[in-house]
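Me: I want to learn how to read the features of a model like this one. Can you take me through it step by step?

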Amino acid sequence: MSEYLDIFSRRLTLSNTKRCGAQTASFTVSDRASGEDIGAINLVMKTSDEGLLGEVDVSIDADYEGRGYGIEAMKRLSEYAYEGLVKLLAKAPNRNLAAEYSLRRVGFSSLNKLSQDGSYRYYESVSPYFMD
């Protein structure tokens with residue numbers, strides 16, 4: 001995966017801001033119209049019995065929440081990540097319907113698994129390249 005990744009969409013840009021070793025990539029989410037940084041998305045890659053997996057974490061500034069920027073950023077990152085990863089994993093606060101809706105919009109499904117303290121629910125999305 002390229003160290004100098006710029007992913008463009010109609011409304012936002014993801015720019016690779018730092019690379020913490022071969023297993024982590026962090027991107028800044030920017031509004032294309034204003035050039036303002038509005039959030040971040042991180043991808044942590046791990047190996048498993050199934051192959052190479054990626055854990056995704058998205059954070060959009062409160063002023064920009066509810067406008068679809070998180071969904072759009074996840075779609076762009078998924079396109080990038082699925083070139084080498086078998087599956088993406090994400091977590092969302094338990095009972096946060098907006099976060100669940102966003103993950104489902106980009107192809108994630110619930111694993112019906114909660115964190116130990118019950119505050120997060122886990123989701124997964126399988127690469128279309130590795131589906132049966």
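Reply: Start with burial. A residue is buried under 20% relative accessible area, exposed over 50%, and partly exposed in between. Now apply that: E124 has 19% relative accessibility, so E124 counts as buried. Keep in mind that this is a predicted model.

Me: How many of the 132 residues count as buried, as a percentage?

Reply: The figure is 39% of the 132 residues.

Me: And the overall fold. How many helices and strands are there?

Reply: The protein has 2 helices and 8 strands. Along the sequence they come in the pattern β-β-β-β-β-α-β-α-β-β.

Me: Back to E124. Which residue does the side chain of E124 meet in a salt bridge?

Reply: The general idea is a side-chain nitrogen of Lys or Arg within 4 Å of a carboxyl oxygen of Asp or Glu. Here the partner is K87, at 3.1 Å from N to O. This pair links distant parts of the chain: K87 sits in strand β6 (residues 87-93) and E124 in strand β8, 37 residues apart.

Me: Is K87 buried or exposed?

Reply: K87 counts as buried, because its relative accessibility is 9%.

Me: How many salt bridges does the whole structure hold?

Reply: A full search finds 5. Take one inside a helix. The side chains of E100 and R104 meet at 2.9 Å, N to O.

Me: Why might such a spacing along a helix bring side chains to one side?

Reply: An α-helix has 3.6 residues a turn, so residues three or four places apart point the same way. In this model, E100 and R104 both lie in helix α2, 4 residues apart, about one turn of the helix. E100 is partly exposed, because its relative accessible area is 24%. R104 is also in that class, partly exposed, at 41% relative accessibility.

Me: Which residues do shared salt-bridge partners join into one network?

Reply: E50, K87 and E124.

Me: Which residue forms a salt bridge with K46?

Reply: E55 does, with 3.1 Å from N to O. E55 has a relative accessible area of 35%, so E55 is partly exposed. K46 reads as partly exposed too, at 38% relative accessibility.

Me: Now uncharged contacts. What does the side chain of S125 make a polar contact with?

Reply: It pairs with the side chain of Y82, at 2.6 Å. S125 has its place in strand β8. S125 counts as buried, because its relative accessibility is 6%.

Me: Where does a side chain reach the backbone at the start of helix α2?

Reply: Look at N96. A side-chain oxygen of N96 comes to within 3.2 Å of the backbone nitrogen of A98. Helix α2 itself covers residues 97-105.

Me: What follows α2?

Reply: G107 does, and its phi is positive, near 100 degrees. Next, look at F108, in the loop between α2 and β7 (109-114). F108 counts as buried, because its relative accessibility is 3%. The C-alpha atoms of F108 and V126 are separated by 8.0 Å, with their positions 18 residues apart along the chain.

Me: Which residues other than glycine should I check for positive phi?

Reply: Check R95, with phi near 70 degrees. R95 lies in the loop between β6 and α2. At 77% relative accessibility, R95 counts as exposed. Then check N112, which has a positive phi of about 55 degrees although it is not a glycine. N112 is found in strand β7. N112 is exposed, because its relative accessible area is 66%.

Me: Last topic, surface patches. Which residues make the nonpolar patch of about 320 Å²?

Reply: V126, Y129 and F130 make it. Patch residues must have over 30% relative accessible area. V126 has 31% relative accessibility, so V126 counts as partly exposed. V126 is found in strand β8 (residues 120-126).

Me: Which residues form the negative surface patch?

Reply: E36, D37, D61, D63 and E65 form it. One of them, D37, lies in strand β4 (residues 37-48). D37 counts as partly exposed, because its relative accessibility is 47%.

Terms used
Residues are numbered from 1 along each chain as its sequence is written. This is a predicted model: local features need pLDDT of at least 70, side-chain atom pairs count only at pLDDT 80 or more; totals for chains, interfaces and linings use all residues. Side-chain values use heavy atoms; hydrogens and water are left out. Patches are made of residues with over 30% relative accessible area and no salt bridge: like charges are joined within 9 Å, nonpolar side chains (Val, Leu, Ile, Met, Phe, Trp, Tyr) within 5 Å. Accessible areas come from the Shrake-Rupley method with a 1.4 Å probe; for residues, only the protein chains shown count as cover. Lys and Arg count as positive and Asp and Glu as negative; His and the chain ends are not counted. The place of a charge is taken as NZ of Lys, CZ of Arg, CG of Asp or CD of Glu. Buried means under 20% relative accessible area, exposed over 50%, partly exposed in between (1.4 Å probe, protein chains only). A polar contact is a pair of N or O atoms within 3.5 Å; within protein, one must be able to donate a hydrogen and the other to accept it, and residues adjacent in sequence count only if both atoms are side-chain atoms.
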